[in-house]
Amino acid sequence: MAGSRDVPADVALRARIVLWSGEGRRRKDIAELAGVAPLTVDRCKARYAERGIAGLEEKRRGGPRTQVPPQVRAGVIALTRMSPPAESGLSHWSTRTLADHRS
């Protein structure tokens with residue numbers, strides 16, 4: 001993992017930190033080699049000790065992204081293909097005028 005091109009750079013860095021630790025290098029030296037804070041070295045080692053290889057992967061944060069319902073998306077697309085109402089005095093839609101018109 002540490003030298004693989006198939007894993008994200010942050011995962012490879014965490015793997016190198018764990019390997020350097022396994023070689024018996026000091027925490028301060030590992031932090032300097034990796035270009036991270038000593039606390040980061042501690043966290044990587046703890047996550048590896050707790051969860052093994054899976055601990056090197058980044059934890060997913062937050063919930064799923066909210067998606068725009070298909071009906072709303074279709075309505076916005078339809079509006080962008082039409083000119084704004086004549087009484088608005090606009091020659092074209094802006095994101096704000098389109099949002100104001102939809103609400």
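**Asking about the helices and the core**

Guide: In this predicted model, Val 41 touches Ile 17, Arg 27, Ile 30, Ala 31 and Val 36, leaving aside its neighbours within four places in sequence.

Visitor: What makes these count as contacts?

Guide: The cut-off is heavy atoms within 4.5 Å. Val 41 is listed as in contact with those five residues, so each pair meets that cut-off.

Visitor: Why is the group with Ile 17, Trp 20 and Ile 30 called a nonpolar core?

Guide: A core needs buried residues of nonpolar kinds, joined through side-chain atoms within 4.5 Å. Ile 17, Trp 20, Ile 30, Ala 31, Ala 34, Val 41 and Cys 44 make up the largest one here, so each of these 7 residues is buried, with under 20% relative accessible area. Helices H1 (9-22), H2 (27-34) and H3 (38-51) each give two or more residues to this core, and H2 supplies the largest share, 3 residues. There's also a second, separate core of 5 residues, including Ala 2, Val 11, Ala 15 and Leu 56.

Visitor: What makes up the secondary structure of the chain?

Guide: It comes to 5 helices and 0 strands.

Visitor: How do you know that the chain is more spread out than a compact globule?

Guide: Set its radius of gyration against the globule rule: the chain has 25 Å, well over the 13 Å that the rule gives for 103 residues, so it is more spread out than a compact globule. The C-alpha trace spans about 75 × 25 × 25 Å along its principal axes.

Visitor: What share of the 103 residues is buried?

Guide: That's 20%.

Definitions and conventions. Residues are numbered from 1 along each chain as its sequence is written. This is a predicted model: local features need pLDDT of at least 70, side-chain atom pairs count only at pLDDT 80 or more; totals for chains, interfaces and linings use all residues. Side-chain values use heavy atoms; hydrogens and water are left out. Helices (H or I, at least four residues) and strands (E, at least two) are DSSP runs, numbered from the N terminus. The radius of gyration is taken over C-alpha atoms; the globule rule is 2.2 Å times the number of residues to the power 0.38. Buried means under 20% relative accessible area, exposed over 50%, partly exposed in between (1.4 Å probe, protein chains only).
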